[in-house]
Structure formats: structure tokens, C-alpha cells
Amino acid sequence: MNHTLLLKKLIAIERAIGVASNNNLRDLVYEAESYLLQMQREMVDELSVHPERELGRGSQFLREVAGGGFSRSGF
């Protein structure tokens with residue numbers, strides 16, 4: 001799943017406002033929400049399979065703090 005498809009779904013919702021019925025708009029919103037939740041589930045699954053994967057500078061910092069790598073005097 002990718003962000004481009006989610007963006008396309010959101011654009012479709014935007015274009016449907018004032019044109020489509022409320023029920024159709026609601027269905028489009030539900031579809032986009034479902035897609036986003038699926039993307040999040042895939043990200044969680046990926047993290048559980050590859051917990052060592054670097055997610056950015058913040059995650060390295062959090063690992064070091066959790067492991068006791070920093071002292072209070074260092075801040």
C-alpha cells in the first residue's frame with residue numbers, strides 16, 4: 001500500500017463534495033479510513049518483523065536512552 005493511492009482517495013473525496021450524495025461521500029471517507037488503517041497495520045507488521053530497522057534519528061536516540069546510554073548530566 002502506498003501514500004499516493006491514499007492521496008488519490010482524498011482528492012476523490014474533495015472533488016465529490018457538493019456533487020455526490022452524503023451516502024456516497026461517507027462511503028468514500030470510510031474507504032480512505034480503511035486504507036489508512038491497513039497502511040498502519042502493515043507498518044506495525046513490518047516493525048515486528050524487522051525491529052532493528054532504523055526509523056530515523058529519533059528512534060536511535062530513544063534506543064540509547066532506554067538502554068542507559070545517556071546520563072542526566074549529558075542534557
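## Arg-26

Arg-26 has a relative accessibility of 40% and therefore counts as partly exposed, since that class lies between the 20% limit for buried and the 50% limit for exposed. The residue belongs to helix 2. Its C-alpha is 9.1 Å from the C-alpha of Ile-13, a residue 13 places away in sequence. Ile-13 is one of the buried residues of helix 1. The model described here is a predicted one.

## Overall arrangement

The protein has three helices and zero strands. Along the sequence this gives the pattern α-α-α. Of the 75 residues in the protein, 12% are buried.

Contacts between residues at least 6 apart in sequence can be divided by their separation. Among them, 38% join residues at least 24 apart. The count of aromatic pairs in the model is zero.

## Helix 1

Helix 1 covers residues 3-16, which is 14 residues. From first C-alpha to last it reaches 20 Å, close to the 20 Å expected at 1.5 Å a residue. The buried residues in helix 1 are Leu-6, Lys-9, Ile-13 and Ala-16. These residues lie on the same side of helix 1 because they cover an arc of only 85 degrees around its axis. The face turned away from that buried side carries the exposed residues His-3, Lys-8, Glu-14 and Arg-15. Helix 2, residues 22-49, is included in what covers the buried residues of helix 1.

At the start of helix 1, Asn-2 places a side-chain oxygen within 3.1 Å of the backbone nitrogen of Thr-4. After the helix comes Gly-18, which has a positive phi, near 85 degrees.

## Helix 2

Helix 2 has 28 residues. Its reach from first C-alpha to last is 41 Å, close to the 40 Å expected at 1.5 Å a residue. Leu-25, Ala-32, Tyr-35 and Met-39 are buried in this helix. The cover over the buried residues of helix 2 includes helix 1, just as helix 2 is included in the cover over the buried residues of helix 1.

## Leu-6

Leu-6 lies in helix 1. With a relative accessible area of 12%, Leu-6 is buried, because the class takes residues under 20%. Leaving aside neighbours within four places in sequence, Leu-6 is in contact with Ala-32, Tyr-35, Leu-36 and Met-39. Among these partners, Ala-32, Tyr-35 and Met-39 are buried residues of helix 2.

A C-alpha distance adds to this description. Leu-6 and Glu-31 are 25 residues apart in sequence, and their C-alpha atoms are 9.5 Å apart in space.

## Lys-9

Lys-9 also has its place in helix 1. Its relative accessibility is 17%, so Lys-9 counts as buried. Outside the neighbours within four places in sequence, Lys-9 is in contact with Glu-31, Ala-32 and Tyr-35. Ala-32 and Tyr-35 are in the contact list of Leu-6 as well.

The contact with Tyr-35 can be described further. The charged end of Lys-9 sits over the ring of Tyr-35, at 5.5 Å from the ring centre. Tyr-35 is one of the buried residues of helix 2, and Lys-9 is one of the buried residues of helix 1.

Technical notes: Residues are numbered from 1 along each chain as its sequence is written. This is a predicted model: local features need pLDDT of at least 70, side-chain atom pairs count only at pLDDT 80 or more; totals for chains, interfaces and linings use all residues. Side-chain values use heavy atoms; hydrogens and water are left out. Helices (H or I, at least four residues) and strands (E, at least two) are DSSP runs, numbered from the N terminus. The expected span of a helix is 1.5 Å times one less than its number of residues. Buried means under 20% relative accessible area, exposed over 50%, partly exposed in between (1.4 Å probe, protein chains only). The arc is that of the directions from the helix axis to the C-beta atoms. Contact means heavy atoms within 4.5 Å. A polar contact is a pair of N or O atoms within 3.5 Å; within protein, one must be able to donate a hydrogen and the other to accept it, and residues adjacent in sequence count only if both atoms are side-chain atoms. Rings of Phe, Tyr and Trp (its six-membered ring) pair if their centres lie within 6.5 Å; planes under 30 degrees apart count as stacked, over 60 as edge-to-face and the rest as tilted. A charge sits over a ring if NZ of Lys or CZ of Arg is within 6 Å of the ring centre and within 35 degrees of the ring normal.
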